[in-house]
Each structure stands twice: as structure tokens, then as C-alpha cells.
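Notebook open, model loaded. I want to go through backbone oddities, one helix, the core and the salt bridges, in that order.

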Amino acid sequence: MNEKIEKLKKQYHDIPIPDELDDVVAQALSSHPRKKQFYIWPSAIAAAAMIFITTVNVSPDAANAMAKIPVLGKVVEVITFDELKQEEKHSRIDVKTPSISGLENKGLQTSLNEKYIKENEKLYEQFKKEMKTLEKGNVAVSSGYNIMTDTEDLLVVHRYVEESRAATSSVNQYDTIDKKHEVLVTLPSLFKDKRYIKVISENIKQQMKDQMKHEEGKIYWLTEEDMDPFKEISENQSFYITKDHKLRIVFDKYKVAPGYMGNIEFEIPTGVISNLLVGKRYIH
């Protein structure tokens with residue numbers, strides 16, 4: 001596993017970027033996509049079959065895997081670095097690792113890409129350990145990514161992990177990147193001080209109450225009678241900024257509501273937090 005990852009990383013850093021990249025991308029988008037080939041392994045080794053699909057290159061086929069390519073003075077892109085699939089003992093894992101390229105801030109770019117690789121390496125190692133001890137039952141692990149926002153100023157990469165055992169769970173993480181200044185935007189960096197924690201929390205509580213009052217089936221854990229009632233967001237609560245420059249706060253499954261409600265998002269009205277913001281560059 002580690003040897004393959006290191007080989008892929010070396011191939012990634014050795015890739016030359018042609019001057020005519022825009023032409024390559026245009027050609028890829030206009031051509032008919034080829035069907036991916038899947039190989040059926042002999043049954044004797046099917047349980048250990050592992051498929052690495054490496055798409056980090058600039059061929060037309062690989063361009064089809066690009067999440068989105070904004071054409072600016074420079075190209076900042078998110079592509080699939082690798083995909084790992086494995087099935088064993090009625091359990092399966094499917095992991096896609098994103099990779100960011102095109103940033104001049106190579107320290108930021110490298111740290112993000114290495115973080116993505118390590119996260120999925122850890123998932124795979126946990127899966128292998130579990131397969132050694134699992135006698136019966138199913139385990140399903142799925143990890144991937146989405147591009148939530150891609151504008152001239154911002155790129156938001158959403159990574160998710162969904163795991164199914166006796167029950168299902170999910171973890172969501174968001175990286176918000178200022179493409180012009182090439183810095184990672186954190187929730188605390190948006191505000192003058194920590195007052196945002198209380199202000200946003202109170203607004204979310206009101207939204208929860210309004211939804212429960214007017215929408216059938218909506219339940220949030222708010223009262224002391226609930227096992228773990230929502231009190232306030234954390235200082236580094238999961239969030240992202242939409243293409244319309246609105247702040248969205250995100251809660252994983254089971255954090256503030258029953259599991260059937262899935263992952264929860266709340267858009268915070270800009271007027272509620274405008275006097276707390278450091279500036280209007282990101283949220284307005």
C-alpha cells in the first residue's frame with residue numbers, strides 16, 4: 001500500500017504541464033468518453049482483489065475525471081489522485097482521494113494533498129485490521145469528495161466518509177481555499193473575535209425551532225430531556241462558503257438530530273453576523 005502510494009506521488013510530481021493545457025482540456029471535453037475496463041479476477045483470489053485507478057496525468061481520458069477547471073490567469077484544479085476498491089468477506093471499501101494542483105503556494109498544496117492521502121491510508125489500514133478479526137456481518141466504507149464552491153476567489157473541497165456496520169455513520173470535512181491569496185480560510189479567521197460562536201449558535205437554535213414548528217418530521221435535540229442537546233457550535237465547526245457568498249454550518253449525522261435526518265446544514269443570514277466579520281471579501 002505504502003509503496004504504491006509513494007510511486008503514485010512521485011509520478012504526480014514528475015508530470016510536465018504543457019503550455020497548451022487549455023487545448024488539451026477542450027479536446028477532452030469534446031471527445032466521447034471511453035468506457036472504463038473492469039477485469040474479473042479468478043474466484044480463488046477475488047477476495048483479495050484490489051484495484052487502483054490512477055488518473056493523475058494530462059491525457060484526455062484523465063481530463064474526464066477532473067471535477068472542474070476554472071480558466072483564469074492560472075489553472076487551479078481538483079482531480080482524482082487514486083481510487084481504491086476492495087471486497088472481502090461480504091465487506092467492501094471504495095475510497096477516492098482528491099488532489100489539488102495549480103497553486104503557487106506549494107506548501108499549502110502539498111500539505112492538503114498529503115492530508116488527503118493519509119486520511120484514506122488510515123481508512124484502508126482500519127479496514128484491513130477489521131477484516132482480520134471479523135467473523136460475520138458486513139462492513140461498508142465509502143470515501144470521496146465533492147467540489148462545493150468553485151469561483152474566481154474560492155475553492156471548497158468537501159470530503160466525506162460513510163461507514164456502515166450495525167448502524168451507519170458519516171464524517172464530513174471541508175477545506176475552503178482563497179485562490180487569489182492562496183491561503184486556507186478557517187471559521188475563526190472570518191471573525192473579529194469569538195462572539196460568532198454564541199451568535200451563530202442562537203440563530204441555529206431558532207432555525208431548528210422554526211423547522212420543527214412548520215415542517216412535519218423535523219426533529220432536533222434542543223431540550224434538556226434529550227440525551228445530548230445542542231448548545232453551541234465548536235470554535236472550528238465544519239462550514240463552507242457558497243458561490244453566493246453565504247456561510248453554511250454543517251453537522252454530521254447524529255450530532256444534532258436523529259440519524260434519519262442525515263447530515264444537517266444551516267445557512268446563516270449575513271445580516272446576523274455582518275458586524276462580527278473581519279471583512280466582506282468572503283461573506284456578504
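Is Glu182 buried or exposed? I looked it up: Glu182 is buried, with a relative accessible area of 7%. Note to self before going on: this is a predicted model.

**Entry 1, backbone.** I was checking Glu182 for its phi, which is positive at about 55 degrees although the residue is not a glycine. Most residues other than glycine have a negative phi, so I went to see where this one sits. I found Glu182 in the loop between strand E6 (168-178) and strand E7 (183-185).

Tyr254 came up in the same search, with a positive phi near 75 degrees, and Tyr254 is not a glycine either. I placed Tyr254 in the loop between strand E9 (247-251) and strand E10 (264-268). Tyr254 is partly exposed, with a relative accessible area of 38%, whereas Glu182 is buried.

**Entry 2, helix H5.** I did a quick sanity check on the length of H5, residues 195-214. At 1.5 Å a residue, its 20 residues should span 28 Å, and I get 29 Å between the end C-alpha atoms, which agrees.

Next I listed what H5 hides. The buried residues are Tyr196, Ile197, Ile200, Ser201, Asn203, Ile204, Lys205, Gln207, Met208 and Gln211. I noted Lys205 on that list, along with Asn203 and Gln207. What covers the buried residues of H5? The cover includes E9, E10 and helix H6 (270-273).

**Entry 3, core.** Nonpolar side chains tend to be buried together in soluble globular proteins, so I looked for where that happens here. The largest nonpolar core has 30 residues. Those with the most contacts inside it are Leu190, Phe191, Ile200, Ile204, Ile233, Leu247 and Ile249. H5, E8, E9 and E10 each put at least two residues into this core, and H5 gives the largest share, with 5 residues.

I zoomed in on Ile204, one of the buried H5 residues. Leaving out residues up to four places away in sequence, Ile204 touches Phe230, Ile233, Ile249, Phe251, Phe266 and Ile268.

**Entry 4, salt bridges.** How many salt bridges does the structure hold? I count 16, and I looked at a few of them.

Around the start of H5, I found Arg195 and Asp193 meeting through their side chains at 2.9 Å, N to O. Both ends are partly exposed: Arg195 has a relative accessible area of 44%, and Asp193 has 33%.

Lys194 pairs with Glu235 at 3.6 Å, N to O. Glu235 lies in the loop between H5 and strand E8 (239-241) and Lys194 in the loop between E7 and H5, so this bridge ties together parts 41 residues apart in sequence. Lys194 counts as exposed at 54% relative accessibility, while Glu235 is partly exposed, at 33%.

Glu215 and Lys218 form another bridge, 2.9 Å from N to O. I have Glu215 as partly exposed, with a relative accessible area of 39%, and Lys218 also as partly exposed, with 27%. Last item: salt bridges that share partners join Lys115, Glu119, Arg159 and Asp175 into one network.

Conventions:
Residues numbered from 1 in each chain as written. Predicted model: local features only at pLDDT ≥ 70, side-chain atom pairs only at ≥ 80, totals over all residues. Heavy atoms only, no water. Helix = DSSP H or I, 4+ residues; strand = E, 2+ residues; numbered from the N terminus. Buried < 20%, exposed > 50% of the residue type's maximum accessible area, 1.4 Å probe, protein only. Expected span 1.5 Å × (residues − 1). Contact = heavy atoms within 4.5 Å. Core = buried A, V, L, I, M, F, W, Y, C linked by side-chain atoms within 4.5 Å.
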